Amino acid sequence: MGKSREERRQNVIEVLNKARSMELQAIHQYMNQHYSLDDMDYGELAANMKLIAIDEMRHAEMLAERVKELGGEPTSELAGKIVKGQSAEEIFEHAAGEEDDAVDAYNQFLLVCRENGDSTSMKIFEQMIDEEQEHFNYFDSINEHISNLGKTFLAQKAGTSADTGGVSKSFINKGNA
Ligand SMILES: [Fe+2]
Ligand SMILES: [Fe+2]
């Protein structure tokens, strides 16, 4: 027997809220890492981390809007604990892992939306997967530079500007995608 419309709606709300709790965690994690990078005076790296946190906030909002359209309640739970006090090396390895996990989870969630006949929610996941992939590529490239060049690479970033050029910008909207 097929699922009722109500069951299908609840299944979609569930994955939208799972994704939202991952986004809320990422926002807090990246803000913390942005402050750490700022304290270490890696301005450019801190600025990009801040812009990526803003992308995640936009994602959390997109998900909340869709949950509300479906008559659900947007979650305010964080998916996990925030890791603090990481070195620059640890920050980029960790962040790349988070993005890789998000791409994998969102592909699964997209399938749930398809199975439950919600093409609007599928499009939200499609867009987020593309953007998390951009974030992954950036974190992975920094990670690689640090692995290959270590202190030499980080020394080039010391004292660079942390300016993000205004509050409306984010990593994707800055033209990195
Ligand atoms: Fe995101
Ligand atoms: Fe991301």
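# Notebook: two iron ions in a helical chain

**Entry 1, the iron ion (ligand 2).** I began at the metal: the iron ion (ligand 2) is coordinated by Glu56 (OE), Glu99 (OE), Glu99 (OE), Glu132 (OE) and His135 (ND1), at 2.0 to 2.3 Å. Glu99 appears twice in that list, each time through an OE atom. I then traced the donors along the chain and found the spacing E-x42-E-x32-E-x2-H. Two of these residues join distant parts of the chain: Glu56 sits in helix 2 (residues 43-69) and Glu132 in helix 4 (residues 119-149), 76 residues apart. A reminder to myself before going on: this is a predicted model.

**Entry 2, the iron ion (ligand 1).** Which residues hold the other metal? I looked up the iron ion (ligand 1) and found Glu23 (OE), Glu23 (OE), Glu56 (OE), His59 (ND1) and Glu132 (OE) as its donors, at 2.0 to 2.2 Å. Here Glu23 is the residue listed twice. The donor residues of the iron ion (ligand 1) follow the spacing E-x32-E-x2-H-x72-E in sequence. Glu23 belongs to helix 1 (residues 5-39) and Glu132 to helix 4, so this pair ties together parts that are 109 residues apart in sequence.

**Entry 3, between the metals.** How far apart are the iron ion (ligand 1) and the iron ion (ligand 2)? I read 3.9 Å, with Glu56 bridging them. Glu132 also turns up in both donor lists, for the iron ion (ligand 2) and for the iron ion (ligand 1).

**Entry 4, cover around the donors.** Are Glu56 and Glu132 buried or exposed? I used the cut-off for buried, which is under 20% relative accessible area. Glu56 has 1%, so I noted this residue as buried. Glu132 also has a relative accessible area of 1%, and therefore counts as buried. Glu23 is buried as well.

**Entry 5, the whole chain.** Next I stepped back to see the fold around the metals. I counted six helices and zero strands, and along the sequence the pattern reads α-α-α-α-α-α. The C-alpha trace spans about 60 × 30 × 30 Å along its principal axes. I compared the radius of gyration with what a compact globule of 177 residues would have: the expected value is near 16 Å and the chain has 18 Å, which agrees. Buried residues make up 46% of the 177. Among contacts with a separation of 6 or more, 85% are between residues 24 or more positions apart.

**Entry 6, surface and charge.** The accessible surface comes to about 9,200 Å², and carbon and sulfur atoms account for 48% of this area. I also tallied the charged side chains: 18 are positive and 33 are negative. The centres of the two sets lie 7 Å apart.

**Entry 7, two loop residues.** I picked out Asp41, in the loop between helix 1 and helix 2. Its phi is near 70°, a positive value in a residue other than glycine. With 43% relative accessibility, Asp41 counts as partly exposed. My other loop stop was Thr164, between helix 5 (151-157) and helix 6 (172-176). Thr164 is buried, at a relative accessible area of 14%. What lies across from Thr164, 117 residues away along the chain? I found Ala47, with the two C-alpha atoms separated by 5.7 Å.

Technical notes: Residues are numbered from 1 along each chain as its sequence is written. Chains are lettered from A and ligands numbered from 1 in the order in which they are written. This is a predicted model: local features need pLDDT of at least 70, side-chain atom pairs count only at pLDDT 80 or more; totals for chains, interfaces and linings use all residues. Side-chain values use heavy atoms; hydrogens and water are left out. Helices (H or I, at least four residues) and strands (E, at least two) are DSSP runs, numbered from the N terminus. The radius of gyration is taken over C-alpha atoms; the globule rule is 2.2 Å times the number of residues to the power 0.38. Buried means under 20% relative accessible area, exposed over 50%, partly exposed in between (1.4 Å probe, protein chains only). Contact means heavy atoms within 4.5 Å. Accessible areas come from the Shrake-Rupley method with a 1.4 Å probe; for residues, only the protein chains shown count as cover. Lys and Arg count as positive and Asp and Glu as negative; His and the chain ends are not counted. The place of a charge is taken as NZ of Lys, CZ of Arg, CG of Asp or CD of Glu. Donors are N, O and S atoms within 2.8 Å of the metal (3.2 Å for Na, K and Ca); water is not among the atoms, so sites may look incomplete.
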